[in-house]
Amino acid sequence: MYGPREESMQGDSTERKDEILTEKIRAVLGQLDIELYQIVESVSESVECFFIRKKLDLKRRTALTDYGVTVFRPFEKEGKRMLGASAVNLHPGMDEEEMRAVLQDAYEAAALVCNPYYELNGGRRQEPIPSESDFAGRSLEESVRLMVEALYASDTQEEVFLNSAEVFGKHMWRRIVNSCGVDVSYETYSVSGEYVVQCISPQDVETYHSFSYRDADAEGLRRDVEEALAMTRARAEAVRAPKAGEYAILLSGKHMETLLSYYLSRSGTSMVYQKYSNYQIGAPVQGEDIQGDALTIELKAKEPYSIEGIPMKDRVLMEEGVLKTLHGGNRFAYYMGIEPTGNYKCISSPTGSRTLAELKARPYLHIVSFSDFQMDDFSGHFGGEIRLAFLYDGERVTPVTGGSVNGSILDAQGHMVFSKERYRDENYDGPYAVRIEGVKVAGEQGCFGE
Amino acid sequence: MKKVQESLFIQSRKALLKRLLAQLLESYAYVSVLATDSRSKTYSVSKRNMGAGESSIGTARGFVVKVSDGKHYGEYSFNQLAEGDLDRICGQVRELMESSDRLLPEGLAENEFRVPPEEEKEFQGSTDYEIDPEEMGADAILEHLSRIKEKGLAVSDAILDCHVNCAYQKYTKLFLSREKDMEQNVMWMTGAISFAASRGEEIKDYYMSYSNLGGAEVLSRMEADVETGAGITLELLKSQPMVPGEYDCVCSPEVTGMIVHEAFGHGVEMDMFVKKRAQAEKFVGEYVASELVTMHDGAGAASETATYFFDDEGTMAHDTVVIEKGILKRGISDLQSALTLGTEPTGNGRRESFRRKAYTRMTNTFFEGGKDTKEEMIASIDYGFLLENPDSGMEDPKNWGIQCMVNIAREIKDGKLTGRIFSPIVLTGYVPDLLKSISMMSAEVRLDGGGMCGKGYKEWVKVSDGGPYIKARIRLG
């Protein structure tokens, strides 16, 4: 079948012989006459390091095997065909009696879940897909060490340094089977984590950063840490909040993914089917009158299969502001009569029409760090508390801190202008920055509207 | 009232776990084993969707071993344990403890800790409940939720959806070490009703949350509020964008709870003291809030969803008075932070699950009540807002900032509610300024345990927070 059953995942002499339950689960399902089901089996291991300054505070390892089983039950209610479903978690070491009780209980619950009928996605057994990551040729310890080295490479200064860091190296095999023939599996590697940068002069401040890599991009991490050190220095210089008012704001880096996730979320079949979103293919979802840059966004497949075993591929989500794809899992796609695509997290977009210098040619407030930048997919509001921003008043650039932004993408989307420069992250590859005019900022003083 | 029963799985593995402990104690100065068996189910109904099944976050069965060789700590999390596995597990732990040289590049070293002192402790405890949701059954639960949903949808055609859900978690945790043999069985249950209504492209939503340390008895509280919730959602369709500024505000207990949690709860987590990441460390013994404010945190401080008998490191639950009449008295801590700081652990060492590290985490966090009424607070304001329905928050213990997203601000003018609503609101500020500005507090205190708390963006644990209505001066945007 696939890797972890036959040999130790870390290639060392201490073999891990996990009890693989998938076939036992299928047998129990058969005994219970449960004909429709899905089983997701995940076998994973991790190596984890927790640092305070340059000292390892705690080291951890995990070795885990998990089974998510969904049972489906067709029935009729008031003359209409239904398909109920209920998901459970089974554990290694569960005996047959307990497994039977849990699955039976789930099957009875499924009979009460009155969702309109749909078909499960079909398929056939496919060859396991090993990871192409360059972490695959290393042990997890080696991979973690490589990225820890990159993390601390630029931590050489007295006044600004890494306060703390957490690094997680993970390796996983996942297998998805269902009663309609789907039998697929794939492997992933990642090294992810977070770190806090502290600058102690002229004031003691910190900034928070996270990272996630599927390939050993040590140089990329080293570069990001350098930028984080510079950003934190700037934060230490910032003492005041901007004055309350309306600003042209620049958002950049990680915040771009959050901002544009609005379109990803609103084009999901679960949102559309439940009428939380009115998106339709062919509709100008960015608005009728686009004065700024019209968005083109592509959905990028990060894994070869969705959690339902649907083969994932890259797809065009929107083109020049017009929606091209609705995406989502099997059930809502069936209801809507469209192809199930699987659920996407990763987007890419061509860069914009102006250089960053051009975006910055007129006064702006460039927020580089929020406490927690949020986009509300329901209301379209975005915002958060400003931890560091650069205010350009037409003459000079001043670092500021404090206050908050509260804007609406529904108001902004017709005049967003994107940068020609690019930014790449785990789930985003697109313009580095966007300029949005007329966004409300709460700041130092002033109560409008009294 | 009935007692939550012990997990049969934990019972069946206890002897084997004790053998594992004994085998590891042959090699290590300190060993602890935490075994968890938890089951969590969720039920939900809405206009076009129903669900009933186990939560993958709250359902977990596994083990975490923590060892010290006298200087360094390591942890190994696993979920397969059978006869014949002990040597393999001990081998993994040995490899882990010998891995530092392989993990650490040049220039990095490993912290040294002393072994935690332990007192002998044998403990067994179970929380109470009235109605077992498993005995009540999926049929009755879904029927109850559906009835509430229909009632909500019937209020107006303008209600796009009424989503009603509930969840419970029942768990057994066994903590073993050289001196300790502790077991607890706990159950909590929560419910929520959320409404959506559309205003063109924009969806306005409103939610109501219910919780108890116990079982399905919480469901009976949900039905009474449905029409009120639907009415507020319809009001939100007329809401205006917030006008940024600093205002006198009355905060509902739910908003107070979020402020307590984000501003002060996170700010006094002592693992942040260890890292010199919390400004609060410098203010112990000083005024950080109005003299009206007394703040608690503890799994033993209230009966809510974050109540337990002992934490994930075997420390008994406390009721920690964090602020007393405005003065910061102490923080909350896990075992390792307490060892570093030379303080006593407070029973706040919590893991998201056996798969994750233990951090200092909040439990039930709240302000005590005062003597004023909500009506008196509103009447005292020339121009300001009544804040309701918090959404989310983020901590900033370093700079003692606060960010809270709040759904509703009701305008107050000349001591009366005007009927105008503003939404959404970003609440920010410098924590001591906000807390020192508290000038009135109601006698009524409410806690809500419907939410989860992250350490940043991960490590999710169940918490409750709350307090009275408070009047304070706050920056809104």
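1. Start with A:Arg61, whose relative accessibility of 3% makes it count as buried, because the cut-off for buried is under 20%. This is a predicted model, so take that as a computed value. You'll find A:Arg61 in strand S2 of chain A, which covers residues 55-77. Another residue to look at here is A:Glu45: the two are 16 residues apart along the chain, and their C-alpha atoms are separated by 7.3 Å.

2. Staying in chain A, have a look at helix H3 (residues 140-152) and helix H4 (residues 218-237). They pack at an angle of about 30°, with their axes 7 Å apart. Angles under 35 degrees count as roughly parallel, and H3(A) and H4(A) are therefore roughly parallel to each other. The crossing of H3(A) and H4(A) is right-handed.

3. Which residues of H3(A) and H4(A) meet? On the H3(A) side they are A:Leu146, A:Met147, A:Ala150 and A:Leu151, and on the H4(A) side A:Ala218, A:Leu221, A:Arg222 and A:Val225. Sorted by class, the contact of H3(A) with H4(A) has seven nonpolar residues, no polar ones and one charged.

4. One more stop in chain A, this time at the backbone. A:Ser201 and A:Pro202 are joined by a cis peptide bond, with omega at about 5°. Look for A:Pro202 in the loop that runs between strand S5 (183-199) and strand S6 (205-213) of chain A.

5. Now for chain B as a whole. How many helices and strands does its secondary structure come to? The tally for chain B is ten helices and 26 strands. Its C-alpha trace spans about 70 × 55 × 45 Å along the principal axes. Chain B has a radius of gyration of 24 Å, which agrees with the value near 23 Å for a compact globule of 477 residues.

6. Two percentages help to fill in the picture of chain B. Of its 477 residues, 66% count as buried. Then take the contacts in chain B between residues at least 6 apart in sequence: 74% of them join residues at least 24 apart.

7. Next, a helix pair in chain B: H1 (residues 8-25) and H2 (residues 86-97). Their axes are 10 Å apart and the packing angle is about 45°. That angle makes H1(B) oblique to H2(B), because it falls outside the ranges for roughly parallel (under 35 degrees), roughly perpendicular (65 to 115) and roughly antiparallel (over 145). As for handedness, H1(B) and H2(B) make a right-handed crossing.

8. If you want to select the residues where H1(B) and H2(B) touch, H1(B) brings B:Leu16, B:Arg19, B:Leu20, B:Gln23 and B:Leu24, while H2(B) brings B:Leu86, B:Asp87, B:Ile89, B:Cys90 and B:Val93. By class, the contact of H1(B) with H2(B) holds seven nonpolar residues, one polar and two charged.

9. There is another pair in chain B to check: helix H4 (residues 133-153) packs with helix H5 (residues 226-236) at an angle of about 40°, their axes 9 Å apart. That makes H4(B) oblique to H5(B). H4(B) passes H5(B) in a right-handed crossing.

10. What meets what between H4(B) and H5(B)? B:Ile148, B:Lys151 and B:Gly152 come from H4(B), and B:Val226, B:Glu227 and B:Ala230 from H5(B). That contact of H4(B) with H5(B) has three nonpolar residues, one polar and two charged.

11. Chain B also has a cis peptide bond to inspect, between B:Ser423 and B:Pro424, with omega at about -10°. B:Pro424 sits in the loop between strand S21 (416-422) and strand S22 (425-430) of chain B.

12. On the other side of S21 comes B:Asp414, in the loop between strand S20 (401-413) and S21 of chain B. Its phi is positive, about 50°, although B:Asp414 is not a glycine. Is B:Asp414 buried or exposed? At 61% relative accessibility B:Asp414 counts as exposed, because the cut-off for that is over 50%.

13. Last, B:Lys276. This residue has phi near 55°, a positive value in a residue other than glycine. B:Lys276 lies in the loop between helix H7 (270-274) and strand S13 (295-297) of chain B.

Key. Residues numbered from 1 in each chain as written. Chains lettered and ligands numbered in written order. Predicted model: local features only at pLDDT ≥ 70, side-chain atom pairs only at ≥ 80, totals over all residues. Heavy atoms only, no water. Axes fitted to C-alpha atoms, helices over the stretch in contact; angles between N-to-C directions. Helix = DSSP H or I, 4+ residues; strand = E, 2+ residues; numbered from the N terminus. Left-handed = near helix turned anticlockwise from the far one by under 90°. Contact = heavy atoms within 4.5 Å. Nonpolar A, V, L, I, M, F, W, Y, C, P; charged D, E, K, R; others polar. Rg over C-alpha atoms; globule rule 2.2 N^0.38 Å. Buried < 20%, exposed > 50% of the residue type's maximum accessible area, 1.4 Å probe, protein only.
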